[in-house]
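I opened this model to look up two things: how a pair of helices pack, and what the protein puts next to the DNA. My notes follow.

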2 protein chains.
Amino acid sequence: MDMVENEAATADLELIVHGPAGSSKPETKLWLRMLSTTKLITTEIRRRLRSEFGATLPQFDLMAQLYREKDGLRLGELSKRTMVTNGNVTGLVERLEADGLLRRVTPDRDRRVTVAQLTPAGAKLFAAMAAAHEGWLRDLMADVDRSVVGGLWSDIGKVKASARNHLSGSEFE
Amino acid sequence: MDMVENEAATADLELIVHGPAGSSKPETKLWLRMLSTTKLITTEIRRRLRSEFGATLPQFDLMAQLYREKDGLRLGELSKRTMVTNGNVTGLVERLEADGLLRRVTPDRDRRVTVAQLTPAGAKLFAAMAAAHEGWLRDLMADVDRSVVGGLWSDIGKVKASARNHLSGSEFE
DNA sequence: TATTGTTATACTCTATAACTATA
DNA sequence: TATAGTTATAGAGTATAACAATA
């Protein structure tokens, strides 16, 4: 990931919708800036998760939820927290279970329920991924902050100003 | 998309990596906030693009690039701008061409090159999508700004403060 | 030989809906 | 009847690498 490409891609995305820079509404500009930034970062994070840990971002998200809940979570709750549909949570969980990273348990009190929880191997792997992840972010944000964060700062100010015009009881400031 | 779910998802993502709120580094917090926000918005944008226009977000991105370049773009350039690999650009372009939204042309001066350009139908469809898109964003940002934008504002300030400690010649402010 | 695209492959994700078992 | 998950299906996206045509 290099600086030149970052800036090029950011500039492109700013201009996606309505041509010349500055012509979009503040909401749109903020959104495009966040979209380009998160795309740059997620692409790189995904690449590293895959090459170094054999994991995907959705899997990382799911494991993160379970890591915080030592007793595990029901699949429906996992679905809500990860914003992934029930049916697709089943598939995600199956792949992780096949790798020995989590297990599924059905409690006797309600046999409709399935609770997923990390195995020791899963918890260990997640801890390693999270640690690496933190370091990656520090580096990646350092790459993008000069070109993007300053712009975000400015865009957010405009969205806030714009929001004051049609929101009552604003919680800003 | 409702407010309660937005806030829940945001809160969850903030806590993904290191447990209690506030324990993560500023870069990580900003990143998690942007990730949760963009995920909420992209999910909804993708849903509406599909149901109202039969398009995907990558297709929208690609068409946006071509919309700005009436003479078209070489596939390699399209690949760079959309951050999609060459091989996958071929697939994207093929699907759009099959729908009559763009055409591929090979210039005589260099027969290795393929230039893609929107057809009139493609330009018309993109204009309609972009207009709708702008309205969707205004609504969606209004939904999330109270809970998220204020937090972004605060997080960015911390990243900037943190960056001042290891960047020379900062372009902030 | 280097460049531009294409093809091939394998997996994963996403969306939708029908279905099963349990309550 | 309602709820929790599972299964089925179809389409797209993503990553990698080998390949063909042209320069």
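I looked first at H4(B) and H5(B) in this predicted model; their axes cross at roughly 100° and come within 9 Å. Angles from 65 to 115 degrees count as roughly perpendicular, so I put H4(B) and H5(B) down as roughly perpendicular to each other. On the H4(B) side I listed B:Leu75, B:Gly76, B:Leu78, B:Ser79 and B:Thr82 as making the contact. H5(B) brings B:Asn86, B:Val89 and B:Val93 to it. I sorted the residues of this contact into four nonpolar and four polar, with no charged residue.

Next I turned to DNA strand C. Which helices supply at least two residues each of the surface near DNA strand C? I found helix H5 (86-98) of chain A, and from chain B helix H2 (26-53), helix H4 (75-82) and helix H5 (86-98). H5(B) gives the largest share, four residues.

I counted 23 residues around DNA strand C, of which A:Thr56, A:Arg95, A:Arg111, A:Arg112 and B:Thr90 come nearest. Of the strand's atoms within 4 Å of the protein, 75% belong to sugar and phosphate. By type, the residues of this surface are 11 charged, eight polar and four nonpolar.

I then checked individual arginines for polar side-chain atoms by the strand. A:Arg95 has one 2.6 Å from a phosphate oxygen of DNA strand C. For B:Arg104 the distance to a phosphate oxygen of the strand is 3.2 Å. B:Arg46 places one 3.0 Å from a sugar or linking oxygen of DNA strand C.

Note on methods. Residues are numbered from 1 along each chain as its sequence is written. Chains are lettered from A and ligands numbered from 1 in the order in which they are written. This is a predicted model: local features need pLDDT of at least 70, side-chain atom pairs count only at pLDDT 80 or more; totals for chains, interfaces and linings use all residues. Side-chain values use heavy atoms; hydrogens and water are left out. A residue is near a molecule or strand if one of its heavy atoms lies within 4 Å of it. A polar contact is a pair of N or O atoms within 3.5 Å; within protein, one must be able to donate a hydrogen and the other to accept it, and residues adjacent in sequence count only if both atoms are side-chain atoms. Ala, Val, Leu, Ile, Met, Phe, Trp, Tyr, Cys and Pro count as nonpolar, Asp, Glu, Lys and Arg as charged, and the others, Gly among them, as polar. Axes are lines fitted to C-alpha atoms, for helices over the stretch in contact, and angles run from 0 to 180 degrees between N-to-C directions. Angles under 35 degrees count as roughly parallel, over 145 as roughly antiparallel, 65 to 115 as roughly perpendicular and the rest as oblique. Contact means heavy atoms within 4.5 Å.
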